[in-house]
Structure formats: structure tokens, C-alpha cells
Amino acid sequence: MTTESMAGEEAGNDYRQILDQGYLPIREVARSTGINAVTLRAWERRYGLIVPYRTPKGHRLYSPANLERIHAILAWLARGVAVGQVKALLDHGHTPQAPSTDNWSRQRNELLECIAELNERRLDERFNAALALYPASTLAEQLLWPLFGDLRQRWQGQFGARLEQVFFFSWLRSKLATRIYHGNRQLGGAPLLLINLGEAPMEPGLWLSAWLASASDCPVEVFDWPLPPGELLTAVEQIAPRALLLYAEQTLDGALLRRHLPRLAAQSPVPVLIAGPSAHIHRDALADLQSAVDPLAAHAWLQRHGLLGAREVNPCSN
């Protein structure tokens, strides 16, 4: 046996011993925490938030203590703290900076400026920078969903609003659809089927819901143009999804509420979830159906019912 092969065998034994002690490779950490490998590396290199064990070949292995620290980081991010402030909070119990330097408000304003200027390259750069540092759930809660609200207010009666809307919705659909496509290529199991229940195509909340599910290792299929109510059950029967998510922003037709949706929920072989602001508008009419008022609540509902993840799932009953 050569010196090189002996060294390789010894390194392999060390690697297996570390794994036996509960350490995890970066791909497993990404799968269990929802933080992609690029973000984990950025937290390490740029901020020193996590220091994993490095094998002689440079592979990162994360200890149970590292995993606890990752969950603590996520808890601070969920409170709106900028990633650059988290280390001081974890290590020394320092308080965040004053709200005047609010990280998320600043990032939303930067994206708003890009949209107002119709500057796709700059918009892409700003969003990519955020993607490298934050998990999808944090970006959805702290950046994108509040940004949608800011834009709805901005577009009320403003000249050029339609132009900005088409620009932003086209960019968002392309951006999230690309990530979903690559996620689907790596995932197995029945998809989550998401269908636009409203009248307007390219509904941003629909795509945000799809991206959140995809980021949770769930394959997704998205129909972002509305379907006739009578064809919804056909779509379910032919695609055989793990669940059906119907998304709508505006008020819904009375016949849809009274007849079509209850009939669909009763006949569907998989769970049906009505999501979006329409679920709040029609909360009384939808009282007997499963509903969620926004993409974040829809994602939480899917998690609670075990409908996310790459493996085959056993859909819960309606």
C-alpha cells in the first residue's frame, strides 16, 4: 500500500469517526434546517457565525452545537435582526442597533428604487445578495411579503403603476420559477399543486407560496393562470399531487364559494388549502374549508400536516 493510499484510508476513518459522533455534512444540515449551503458558507466566511469542523480534505462537518447555534441564528433573524448583528447577540448578549438603521426597511427601499427605475440588473443584484445570507422563509417574511404591501400602496392611482407592476411581476416570476425548476430536478415524490384562483395572471403571492414550498424540499407544480372551476378536480386527478393549494388575492365569485370549492374539497383525494388574502375576505364563507391568509400561513399549514419534504408523503385527510 502506498503512502498516499494509507493517508487516504486514515482520512476516511477519521471522517467516519466524526460522523459517528453526531456530526453532519453540509448537505444534511441544509436539508434539516432549510438553510442552503451557500448561505451556511457565507455565515462562516463573512460573519464567523458558525465554525464547523474541517476534514483534512476541507469538507465541513457540523456538530450538534453548531445546529443549536443555527436555530438560534434563525430565531434572531425571525425577529428582524440583520445577519451582521447576530454574532454579538449570540456571543455577548448585545442589543441590536437602533431601529433607524433597520436592515429590512433599508433593503425594501433599495428594491423599491430598483423597481421604480425598472432596473432589472440592480434588482437582481440586490436580491441575490439577500439570498446568499438569509433562508427563504426569512426573506419571505421580512422582505418580499412586506414589499408586496408597499408596492400595492405605491401603485394606487399612480401614473406608470401598470408599467412597474408588469416589470416587477415578470422579474419575480422568472426569478422564483428558475429556482423552483432547479429544485424540482433534485426532488422526488408527488408535487404540491398550486393554482391561481383569482382573475389576474402572475400573482406574486402564488409564486411566493411555491418558492417557500420548494425551499422546504417539496417539488411543486404551478398553474399561474386561472382555471375554470370544473377543471380543478381534473387537474388533481391527472397530476396526482400531495395537496392542492388555491391562491387568490381578491374577492371570489359567489358560486365558486358556495358550490364549487366545497364540492372540490369533498371530492378531492388530497388536501385542499385556500390561501391568500381572499381567505380572510371570505373567512365566514370558507369556515368549513382549510384556509390560510398569506403565503407564510400557508407554508406553516403545509408543514404542520407533513406535506413538505422530498420523500413520498401520506396526505392527511380533508
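Here a biologist and a modeller talk through a predicted model, asking what lies behind the words used for it.

Biologist: Let's start wide. How many helices and strands are there in the protein?

Modeller: There are 14 helices and eight strands. Of the 318 residues, 46% count as buried.

Biologist: What makes a residue such as L232 "buried"?

Modeller: The cut-off is under 20% relative accessible area. L232 has a relative accessible area of 3%, so it is called buried. It sits in helix α11, residues 232-239.

Biologist: Which residues is L232 in contact with, leaving aside its neighbours within four places in sequence?

Modeller: I195, L197, L227, L246 and L264. Contact here means heavy atoms within 4.5 Å. As for distance, L232 and L261 are 29 residues apart in sequence, yet their C-alpha atoms are 9.5 Å apart in space.

Biologist: Why is M202 called partly exposed?

Modeller: Buried is under 20% and exposed is over 50%, with partly exposed in between. M202 comes out at 24%, so partly exposed is its label. A240 is at 47%, so it gets that label too.

Biologist: What else is there to say about the backbone of M202?

Modeller: M202 has a positive phi of about 55° although it is not a glycine. You'll find M202 in the loop between β4 and α10. A240 also has a positive phi of about 55° without being a glycine, and A240 lies in the loop between α11 and β6.

Biologist: On to the strands. Why is β4 called mostly covered?

Modeller: Count the buried residues: in β4, residues 192-196, five of five are buried. L192, L194 and N196 point one way, while L193 and I195 point the other way. That fits a general pattern: in a regular strand the side chains alternate between the two faces of the sheet.

Biologist: How do you know that β4 and β5 pair?

Modeller: Pairing needs at least two bridges between the strands. β4 and β5 (residues 220-223) have four bridges, so they count as a pair, in the parallel sense. One of the bridges puts L194 with V222 in β5.

Biologist: And which strand pairs with β4 over five bridges?

Modeller: That's β6, residues 243-247, again in the parallel sense. L194 stands opposite L245 in β6, and L192 has A243 as its bridge partner there.

Biologist: What covers the claim that both faces of β6 are covered?

Modeller: A243, L245 and Y247 on one side are buried, and so are L244 and L246 on the other. β6 also runs parallel to β7 (residues 272-275), joined by four bridges. In β7, L245 has L273 as its bridge partner.

Biologist: What makes a right-handed β-α-β unit with β4 and β5?

Modeller: Helix α10, residues 204-215, completes that unit. The test is to point the strands away from you: if the path from the first strand over the helix to the second runs clockwise, the crossover is right-handed. β6, helix α12 (residues 254-267) and β7 make a right-handed unit as well.

Biologist: Why is the sheet with β1, β2 and β3 said to have edges?

Modeller: The open sheet has three strands in the order β1-β3-β2, with antiparallel pairing. β1 (24-25) and β2 (53-54) each have a single partner strand, so one side of each is left without a neighbour in the sheet. β1 is joined to β3 (residues 60-62) by two bridges, so this pair reaches the at least two that pairing asks for.

Biologist: Now helix α7. Which of its residues are buried?

Modeller: L123, F127, A130 and L131. Seen down the axis of α7, these buried residues fall within an arc of 100°, so they line one face of the helix. Among what covers them are α3, α6, α8, α9 and α10.

Biologist: How do you know that the span of α7 is close to the expected one?

Modeller: α7 has 12 residues and reaches 16 Å from its first C-alpha to its last, and 16 Å is what's expected at 1.5 Å a residue.

Biologist: Last one: how many disulfides does a search of the whole structure find?

Modeller: Zero. To count, a pair of cysteine sulfur atoms must be within 2.5 Å, so zero disulfides says that the search finds no such pair. As for cysteines, C114 is buried at 0% relative accessible area, and C218 is buried at 0% too.

Technical notes. Residues are numbered from 1 along each chain as its sequence is written. This is a predicted model: local features need pLDDT of at least 70, side-chain atom pairs count only at pLDDT 80 or more; totals for chains, interfaces and linings use all residues. Side-chain values use heavy atoms; hydrogens and water are left out. Buried means under 20% relative accessible area, exposed over 50%, partly exposed in between (1.4 Å probe, protein chains only). The expected span of a helix is 1.5 Å times one less than its number of residues. The arc is that of the directions from the helix axis to the C-beta atoms.
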